[in-house]
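Please open the structure in your viewer and keep the sequence panel beside it. The tour below moves from one selection to the next, and it begins with a question.

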Amino acid sequence: MKKKLLVVALGLSSSIALVGCGSGDDEKPGQVAVTSVFYTVKVIDGYLKNAQVWLDIDGNKQLDSNEPSVLSGDGGIAKLDVTNIVSPEQYSTYAKVIFGQTIDEDNGAVASDYIMSAPPGETEITPLSTLVDIYIEQNTDGTESVAVLAAIKQAAIVKVAYDFGIQEADVLSDYIASGTASATFVAENIANSQLLPDDENEFIVVIADNSDTSIFNKQLAAASGMIKAVVGNTAEEDFDTQAAVFDSGDDYATDSDVDGVPDALDALDFDASEWIDTDGDGIGNNADPDDDNDGVEDSIDADPLDPAIGEYDDCVVNYTPTGASIDDFNAQLASCDLIPAMDLAGNSIIRILDSGQTRMYTFNIDNTAPFYQNGVQHNRIWEINDDGNLALYYSDGETLEYLMRLIDETESNLKFGVYADSSQSIYTWNFEDVDVSVDILACEDLDSGWNDETDLPLAYRSYDEFKQAVTSCQAGKLFTAFSTGFISSGMTLTTSDALSQADDVDTYQFNEDGSGVFTYNEGAGDIIVPMTWTMHEDDVVKVIIDYIDGNSLAQTAHNYLAIVETNGIDYSVKVFSRSTAFEGLGDAAGGDLWGTVLNVPDDD
């Protein structure tokens with residue numbers, strides 16, 4: 001919202017109450033309406049309507065009477081009432097697809113019952129998110145730290161993407177909305193193969209056994225290999241005409257060799273010891289010393305299932321979720337044929353997570369290493385130790401946090417092997433070079449401009465023009481996205497590095513429950529107004545602010561914010577604001593469009 005609209009008296013915020021979906025007609029004098037809070041998810045194969053959706057608060061994979069639940073509606077959207085639930089994003093969500101009730105908006109009535117899930121914090125429940133969630137459940141026991149859980153989740157995303165030959169960014173996405181035909185094709189075939197658990201009880205059985213020879217993992221390996229073979233030979237624009245690998249009407253009951261893999265998925269349905277034959281030579285992968293028939297034995301093949309990739313020559317660091325030692329990490333590095341040199345002093349690197357969160361390190365020549373987590377600074381100490389690894393310590397300079405080694409470098413893309421001391425885990429992280437000496441600036445594309453005499457925009461812009469400006473501002477820039485993962489844990493972003501020290505300061509305080517505070521300062525003191533926020537669409541956060549204008553009239557503004565550039569410390573943001581003081585709040589109403597730079601305020 002444009003600052004000049006916020007001419008309100010100090011202390012006004014104490015007299016403003018947020019009103020949500022309470023039943024105002026039944027209120028008694030002195031009562032305050034209860035504001036309902038909703039957690040919105042989508043159920044997708046195609047978009048699935050009338051699926052039973054719930055938030056699994058107690059983690060038992062069952063729908064219990066005290067857990068929020070609802071049937072999905074049009075577009076697969078399910079709005080779970082989480083009014084009395086703190087941080088609903090910390091729980092997994094489940095969707096029960098019911099034969100005779102659930103409708104696929106693309107293909108009509110579903111052919112069978114099955115259950116899907118999404119890991120905590122993910123709002124698209126799909127066949128792909130289900131496989132990620134199953135992998136996480138198979139490899140955790142509830143004792144993991146936040147860092148270990150994040151590493152396991154990332155490993156799951158990488159595995160699912162690899163298994164089906166799709167991009168990692170598509171695994172936990174709304175692939176229909178993004179128009180990603182390959183991911184749509186994969187998801188539909190997963191559902192058609194009847195691979196997904198039939199119900200909650202089968203889901204529990206599936207996650208109890210993570211061995212390669214469990215019935216589910218054997219079926220998954222067989223089905224994914226068949227799907228990946230088609231994906232790898234089909235151009236993105238050709239999937240619309242590509243025949244399905246599996247049909248929901250196929251026979252998935254017959255299992256001739258009784259190996260747990262139905263004939264429809266089994267490459268060798270006459271041999272109980274084999275169910276996959278990647279190269280089609282009649283020798284199953286368990287017995288075949290060269291699964292992809294590229295002339296390189298599997299034991300020295302960088303990718304035994306891809307004939308285009310031969311003998312290993314790159315450094316591969318294998319994921320180890322827990323129980324690893326520094327010696328184990330160094331042993332993996334010692335097996336690498338080639339490790340790039342690390343030139344870190346005076347440089348900075350940034351990592352942008354799938355959730356939109358940012359991690360940035362600056363390696364100063366005095367061995368300090370400011371670490372910015374979502375723009376919040378933490379102090380670290382760095383050195384290159386006797387093993388040649390980058391050692392990162394907490395601010396005491398003694399307590400080890402991570403060991404890192406650069407294992408692959410392609411232009412500005414940097415891949416590090418990582419040893420996490422607290423969790424005794426080994427995994428990989430991808431970073432990019434970033435130059436923090438170059439200021440992040442506001443992007444002025446399509447800005448409305450401001451008339452100081454009328455206190456109105458010089459030109460009204462549309463929401464479509466806002467999205468157009470976001471796209472143009474992001475071109476050639478390093479950027480991330482607003483998301484629940486980025487701001488829902490509670491974040492404050494301001495146009496100044498101090499809350500009340502300078503003119504022209506706008507501050508958004510995002511609380512994890514969707515509430516917040518908007519603070520404006522024109523040099524004479526803070527003007528504080530309550531706000532609410534939601535994710536309007538992918539990458540765009542919507543902020544609603546009620547305020548009193550200069551004529552003492554109550555007004556409402558809807559601000560839409562999108563990040564167009566970042567260096568991990570500052571975030572260049574495009575803002576589009578509709579207001580009752582402008583042309584109104586309707587979808588067709590014009591509003592004010594401008595650029596700004598936000599960062600986390602310095603509490604010092």
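Which residue in β10 is the bridge partner of Lys42? The model you are looking at is a predicted one, and to find the answer you can begin by selecting strand β1, residues 38-43. On its covered face lie Tyr39, Val41 and Val43, while Phe38, Thr40 and Lys42 make up the uncovered one. Now add β10, residues 124-125, which pairs with β1 in the parallel sense over two bridges; within β10, the partner of Lys42 is Glu124.

Next, select β5, which runs antiparallel to β1 and is joined to it by five bridges. Here Lys42 stands opposite Ile77.

From β5, follow the chain into the loop that leads to β6 (93-97), and stop at Ile85, which lies in that loop. Leaving aside residues up to four places away in sequence, Ile85 touches Leu55, Ile57, Pro68 and Tyr91. Although Pro68 is 17 residues from Ile85 along the chain, the C-alpha atoms of the two are separated by 9.1 Å.

Finally, select helix α2, residues 146-164, whose 19 residues reach 27 Å from the first C-alpha to the last, close to the 27 Å expected. Colour its buried residues, among them Val148, Ala151, Ile152, Ala155 and Phe164, and then show α1 (127-138), α4 (181-192), α6 (215-231) and β19 (425-434), which are included in what covers them. As a last stop, step just past the end of α2 to Gly165, which takes a positive phi of about 75 degrees.

Methods: Residues numbered from 1 in each chain as written. Predicted model: local features only at pLDDT ≥ 70, side-chain atom pairs only at ≥ 80, totals over all residues. Heavy atoms only, no water. Helix = DSSP H or I, 4+ residues; strand = E, 2+ residues; numbered from the N terminus. Expected span 1.5 Å × (residues − 1). Buried < 20%, exposed > 50% of the residue type's maximum accessible area, 1.4 Å probe, protein only. Contact = heavy atoms within 4.5 Å. Pairing = 2+ DSSP bridges.
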